[in-house]
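This report describes how the strands and helices of one chain are arranged, and then turns to some local details of the backbone and side chains. Please keep the sequence and the model at hand while reading.

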Amino acid sequence: MSSKTTATTVIKGARILGGEPADILIDGGLIAAVGPGLAGDETVEAAGLVALPGLVDLHTHLREPGREDAETVESGTRAAALGGFTAVHAMANTSPVADTAGVVEQVWRLGLAAGHCDVQPVGAVTEGLGGERLAELGAMADSAARVRVFSDDGKCVSDAVLMRRALEYVKAFDGVVAQHAQEPRLTAGAQMNEGAVSGRLGLTGWPAVAEEAIIARDCLLAAHVGSRLHVCHVSTAGSVEIIRWAKSKGWNVTAEVTPHHLLLTDDLVEDSPVGAYNPIYKVNPPLRTRADVEALRAALADGTIDVVATDHAPHPVEDKETEWAAAAMGMIGLETALAVVQEAMVETGLLDWAGVAERMSYAPARIGRLSGHGRPLAAGSPANITLYDPSVRAQVDPSSYASKSRNTPYEGRSLPGRVVATFLRGRPTVLDGKLA
């Protein structure tokens with residue numbers, strides 16, 4: 001099939017948001033019509049496939065510049081397209097840090113050159129992620145990259161005064177501060193979730209309160225200054241209750257959960273298919289208990305948590321295949337995100353496909369202020385479309401991944417579903433499960 005957007009394309013018989021089959025006509029990068037019996041110059045057969053608006057990830061680590069051994073914008077966006085994503089937000093903890101207009105524009109232009117999905121840089125809140133002085137927030141907002149999300153992800157903005165200033169500053173351009181909620185004094189040397197498993201394994205525990213205390217403080221600060229707060233990778237039941245309370249007050253607080261925190265638990269550190277102390281399960285925030293997982297699923301279902309975000313964190317093999325204490329924290333997730341959400345939320349009856357579209361496309365685009373993404377599959381919308389087959393099931397084989405890294409916790413595990421095609425403004429980036 002041609003990748004040109006001058007010809008019209010009709011997607012035949014797709015189930016839009018899991019509903020009744022319909023045709024989708026694409027013309028000039030837009031959805032021209034939706035309905036039965038449509039015809040185009042080219043045809044994509046989609047009988048039995050679910051059509052979703054192109055997925056949007058609020059939390060992706062592309063590692064470039066500085067750690068191209070782990071990932072590049074090119075490889076990371078290939079992985080994103082294969083996962084059904086048409087836009088990703090690239091986190092700022094690169095080298096150099098994305099704390100100036102120059103660096104965010106570099107990342108943005110690399111995304112344009114790659115062309116597999118849109119790359120929206122996230123700007124650092126503080127210079128060099130140092131937590132001492134605000135970065136050039138206004139300059140990044142005014143840059144060609146038009147940054148609207150700011151985060152020191154990987155580190156917490158632990159200074160309350162600095163966090164207040166950041167929240168006040170971003171109001172001028174409708175920005176949002178995305179906080180990595182981790183009180184550093186409560187997590188010094190922490191290796192995994194604090195609980196029975198950490199006690200048995202002799203690993204320093206990472207208490208839930210270290211996350212919850214920062215979230216509570218920042219919700220209060222956001223309310224006090226009337227600004228927007230986004231909470232990254234929520235992982236505990238207590239965090240859910242704090243966010244639910246803040247939302248009940250009408251405060252402008254949003255939150256995300258990762259796919260792995262919806263499925264995996266801390267007991268895998270002790271008892272996994274390959275034994276104890278496997279660093280593939282070492283992640284920040286750590287895997288929590290089954291009770292936390294159930295609370296996160298319920299919160300995502302009822303809207304307390306707004307978004308599923310991958311926190312795709314690639315690492316080269318030498319940084320993960322080492323002893324637990326020395327291993328890097330993080331998991332890749334772009335190519336498995338939709339499958340994990342299907343297993344954790346759709347197959348459990350907690351979400352339907354319309355709910356998946358809300359949490360993986362509409363809401364993240366809205367929070368990140370990406371006007372060209374997260375739009376309904378209707379006439380006049382940009383033709384950002386994901387075609388997904390929920391009926392298949394296969395073992396995860398990271399050797400086939402587009403990502404340069406292989407640190408997935410799902411290797412050898414059976415997961416449902418397959419992204420069959422991804423369209424970015426009408427141009428196929430993935431067809432028949434392969435890069436177009």
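In what order do the five strands of the open sheet stand, and is the pairing parallel or antiparallel? In this predicted model, the order is E9-E10-E13-E14-E15, and the pairing is parallel. E9 and strand E15 (307–308) stand at the edges with a single partner strand each, so each of them has one side without a neighbour in the sheet.

At the E9 edge, two bridges join E9 to E10, and these strands run parallel. Here Phe150 stands opposite Val177 in E10. A helix also packs on this sheet: H6 lies across E10, strand E13 (229–231) and strand E14 (253–257), and runs at about 165 degrees to E13.

**The three-stranded sheet**

Another open sheet has three strands in the order E6-E7-E8, again with parallel pairing. Its edges are strand E6 (55–60) and strand E8 (118–121); each has a single partner strand, so one side of each is left without a neighbour in the sheet. From one strand to the next, the twist averages 20 degrees.

Four bridges join E6 to strand E7 (residues 85–90), and the two run parallel. Thr60 has Ala90 in E7 as its bridge partner.

Two helices lie across strands of this sheet. Helix H2 (residues 101–114) lies across E7 and E8 and runs at about 175 degrees to E8. Helix H12 (residues 353–368) lies across E6 and E7, running at about 55 degrees to E6.

**A hairpin**

Strand E2 (residues 21–27) and strand E3 (residues 30–35) run antiparallel and are joined by five bridges. Strands of a sheet pair through backbone hydrogen bonds, and the pairing can be parallel or antiparallel. Within this pair, Ile26 stands opposite Ile31 in E3. E2 and E3 form a hairpin with two residues between them, and Gly28 in the turn has a positive phi of about 65 degrees.

**Helix pairs**

Two helix crossings are set out below.

| Helices | Axes come within | Crossing angle |
|---|---|---|
| H11 (residues 337–346) and H12 | 11 Å | roughly 130 degrees |
| H4 (residues 160–170) and H6 (residues 208–225) | 10 Å | roughly 45 degrees |

At that angle, H11 and H12 are oblique to each other. Their crossing is right-handed. From H11, the residues Ala337, Leu338, Val341, Gln342 and Val346 meet Trp353, Val356 and Met360 of H12. By class, this contact has seven nonpolar residues, one polar residue and no charged residues.

H4 and H6 are likewise oblique to each other, and the crossing of H4 and H6 is right-handed. On the H4 side the contact is made by Ala160, Met163, Arg164, Leu167 and Glu168, and on the H6 side by Arg217, Asp218, Leu221, Ala222, His224 and Val225. The residues of the contact of H4 with H6 divide into six nonpolar, one polar and four charged.

**An aromatic pair**

How many aromatic pairs does a search of the whole structure find? The search finds four. In one of them, the rings of Phe150 and Phe173 have centres 5.8 Å apart and planes at 55 degrees, so the pair is tilted. Phe150 lies in strand E9 (residues 149–150), while Phe173 is in the loop between H4 and strand E10 (176–179), so the pair ties together parts that are 23 residues apart in sequence. Phe150 is also the residue that stands opposite Val177 in E10.

**Backbone details in loops**

Most residues other than glycine have a negative phi, and most peptide bonds are trans. Some places in this model depart from that pattern.

Asp174 has a positive phi of about 55 degrees although it is not a glycine. Asp174 lies in the loop between H4 and E10, and Phe173 of the aromatic pair is also in the loop between H4 and E10.

The peptide bond from Glu64 to Pro65 is cis, with omega near 5 degrees. Pro65 is found in the loop between E6 and helix H1 (73–82). Another cis peptide bond runs from Ser95 to Pro96, with omega near 10 degrees. Pro96 lies in the loop between E7 and H2.

Terms used. Residues numbered from 1 in each chain as written. Predicted model: local features only at pLDDT ≥ 70, side-chain atom pairs only at ≥ 80, totals over all residues. Heavy atoms only, no water. Pairing = 2+ DSSP bridges. Axes fitted to C-alpha atoms, helices over the stretch in contact; angles between N-to-C directions. Contact = heavy atoms within 4.5 Å. Parallel < 35°, antiparallel > 145°, perpendicular 65-115°, else oblique. Left-handed = near helix turned anticlockwise from the far one by under 90°. Nonpolar A, V, L, I, M, F, W, Y, C, P; charged D, E, K, R; others polar. Phe/Tyr/Trp six-rings, centres within 6.5 Å; stacked < 30°, edge-to-face > 60°.
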